[in-house]
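Colleague: I have this model open in front of me and would love a guided close look at one helix and what follows it. Could you then place that part in the wider picture for me?

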Amino acid sequence: MSLLQSNVPEGPIADKWTRHKNELKLVAPNNKRKYEILVIGTGLAGASAAASLGELGYNVKTFCYQDSARRAHSIAAQGGINAAKNYPNDGDSVWRLFYDTIKGGDYRSREANVYRLAEVSANIIDQCVAQGVPFAREYGGLLANRTFGGAQVSRTFYARGQTGQQLLLGAYSALMRQVNKGKVQNFARREMLDLVNIDGNARGVIVRNMVSGKLERYVGDAVLLCTGGYGNAYYLSTNAMGCNVTSAWRCYKRGAYYANPCYTQIHPTCIPVSGDYQSKLTLMSESLRNDGRVWVPKDVNDKRSPEQIPEADRDYYLERRYPAFGNMVPRDVASRAAKERCDEGYGVNESGRAVYLDFKRAIAEQGQKAIEAKYGNLFHMYRKITNENPYEVPMKIYPAVHYTMGGLWVDYNLQSTIPGLYVLGEANFSDHGANRLGASALMQGLADGYFVAPYTVGHHLASNKLEKVDTNNPAFEQVESEVQGRIDKFLSIKGSRSVDSFHRELGLVMWDNCGMARNASGLQAAIEKIQSIRREFWENVHVTGSGHQLNMELEKAGRVADFLEFGELLARDALAREESCGGHFREEHQTPENEALRDDENFAHVAAWEYQGDDSEPIRHQEELNFENVKLTQRSYK
């Protein structure tokens, strides 16, 4: 029997979550103190889940590799958070947010999960306002909204260009309240290196104290994985340098299925690469496309500076191709359009790998102060990095890896194929299909943490008689021994190449063959190249220092080793999915207008991969997607 039981409740989609909550088993308030819950990651999903579970009375331990829980990568989200509150009275509703999200994901997400996300979105805003999150407001005091890609309504709440930071501070304050009450313990500078299963349930983790180097054991009655995505497999991405796939990959190798790893989002609005040894890329918020206009010269040989090119000689190609949405098309559509223009020779910048994002008209119509009020910190950041003033000259932007829609497979309760292992936020696959709409990542993380996991984790605890175990259990001994053996192996190789050199080589293979466009021959070549890189890594990597101290090279080695395995799975998934959908664009499958061409007859399903051993190919399972409320149609933003 397949483990892919989605556990979606019966009944009309608008009633599913309410009915499900009414049927979930409960843990009595005086019994919650008997349970220990481990939360890995303290971004929006992890912090909100830990705060909520602590408030309910559970004992919670949180773990993060940063020096503080408030330094999670959620702070980097800029533009906003979606919610169907319809404050502008422009026709929004829970249904429209649900529909836009299903369509934006190119009809490759589970309807029930997406509807629940839209349904609880309004609660998120109320929760965050109560915490003091300083959302932008209109003159009359109401919360302000702006538009994001893939929508024809204004439903995105924002705090200038710092929305992720402000939301995380709100969740962090709720978390620290529980720390002060003694219900939550924070363990900073710890990296989860493996999962401990006992009697088929997730019961603990092995972490490395990144300061002392000591391996530590922690036991719990449930484990919540809130560790973000795998975008850094590409080396260059908009993710923080420490973002990695290790925790999720360790769980995959312990029995959790990995779903849709080929669904990688390329963000269209990033500062272009400037050199071969650049270590990361910088995002310019999608919100800028509300007022900025994307264009390239009409003449492929036009090398004039942008201010010298008159309107008649400019190609506002998104407005031309997609008149209904213009510059606010979804990210995958805008990214492919930019790539196509640059591939045809119309790109700007010395590399030819950039297009213009121009605010001249917006400044003329609204005034510089109005634009500064909306985007001032983003303009400041762009000027600091590029030494160009975007108030006077257009920004130069180009697509870059940003977000990952794939992740560990979860059912409606956010539980993985390992009982007791719950996966929240970007680390799971559940809500965004093949492409995430802008401003929906923060929405999902907080929905999972505040409003879903507290119900479903309690149901698991109330439904299962879990034996009391401690860290002396032989399972902990076995897993810790395996983790230590892996560390010892890294340190014993003493080769001639740095960890970063392998990561950079992997990233180039991933970008060239598994990036914005893919084809069968390129994906097959990528699998062979990654296998070759991985073999050399285990023979020729050089990790300095020891395992009994602070050792950043050792940390990176573990993460890159996992990327080298995960990258092959991503390529296999992309090779098996013989269609184009959202961020997965197979060149063999496109419309005459170069848009993504789905194959609903054969691929309207989730692909979930089961680990079979290091020397064996994984098994590909399928969860069929049933569209009872939204009709499958060719996605169009024209």
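Modeller: Happy to. Right after helix α6 comes G182, a residue whose phi is positive, near 85 degrees. Please keep in mind that this is a predicted model.

Stepping back into the helix itself, α6 covers residues 163–181, 19 residues in total. At 1.5 Å a residue it should span 27 Å, and since its end C-alpha atoms are 28 Å apart, the expected and modelled values agree. As for which way its residues face, the buried ones are T163, G164, Q166, L167, L168, G170, A171, Y172, A174, L175 and Q178. Here a general point helps: an α-helix has 3.6 residues a turn, so residues three or four places apart point the same way. With that in mind, you can follow L167, L168, A171, Y172, A174, L175 and Q178 along α6, all of them among its buried residues.

Now for the wider picture. The protein contains 17 helices and 19 strands. Of its 638 residues, 62% are buried. A compact globule with 638 residues would have a radius of gyration near 26 Å, and the protein, at 24 Å, agrees with that. Along the principal axes, its C-alpha atoms fill a box of roughly 75 × 60 × 50 Å. If you count contacts with a separation of 6 or more, 74% of them join residues 24 or more positions apart.

You can see such long-range links at individual loop residues. N260 sits in the loop between β10 (258–259) and β11 (264–270). Its relative accessibility is 1%, so it counts as buried, the limit being under 20%. Beyond its neighbours within four places in sequence, N260 touches Y230, G406, F429, D573, R577, V606 and A607. G406 also turns up beside E426, a residue of the loop between β17 (421–423) and α12 (441–463). Again leaving aside neighbours within four places, the contacts of E426 are G228, G229, Y403, T404, G406 and Q444. By contrast, E426 and F490 are 64 residues apart along the chain, with 29 Å between their C-alpha atoms.

Next, the empty space. Rolling a probe the size of a water molecule over the atoms shows where such space is left. The second largest pocket holds about 880 Å³. Its lining takes in 37 residues, and those nearest the centre are W249, K253, R486, E565 and D614. By class, that lining has 19 charged, 12 nonpolar and 6 polar residues. At least two lining residues come from each of β6 (190–198), α7 (246–252), α13 (474–493), α15 (520–540) and α16 (552–576). The biggest share is that of α16, with 9 residues.

There are also enclosed spaces: 5 cavities of 30 Å³ or more. The largest cavity has a volume of about 70 Å³. Around it lie T264, Q265, I266, D332, S335, R336, N435, M516, G582, G583 and F585. Both β11 and α9 (331–343) give at least two residues to this lining, which divides into 6 polar, 3 nonpolar and 2 charged residues. That brings us back to β11, the strand at one end of the loop that holds N260.

Methods: Residues are numbered from 1 along each chain as its sequence is written. This is a predicted model: local features need pLDDT of at least 70, side-chain atom pairs count only at pLDDT 80 or more; totals for chains, interfaces and linings use all residues. Side-chain values use heavy atoms; hydrogens and water are left out. Helices (H or I, at least four residues) and strands (E, at least two) are DSSP runs, numbered from the N terminus. The expected span of a helix is 1.5 Å times one less than its number of residues. Buried means under 20% relative accessible area, exposed over 50%, partly exposed in between (1.4 Å probe, protein chains only). On a 1 Å grid over the protein atoms alone, a cavity is a set of points where a 1.4 Å probe fits but cannot get out, and a pocket is an open set with protein on both sides within 12 Å along at least five of seven lines; lining residues have an atom within 4 Å of a point. Grid points are joined across faces, edges and corners, and a volume is the space filled by probe spheres set on the points. Ala, Val, Leu, Ile, Met, Phe, Trp, Tyr, Cys and Pro count as nonpolar, Asp, Glu, Lys and Arg as charged, and the others, Gly among them, as polar. The radius of gyration is taken over C-alpha atoms; the globule rule is 2.2 Å times the number of residues to the power 0.38. Contact means heavy atoms within 4.5 Å.
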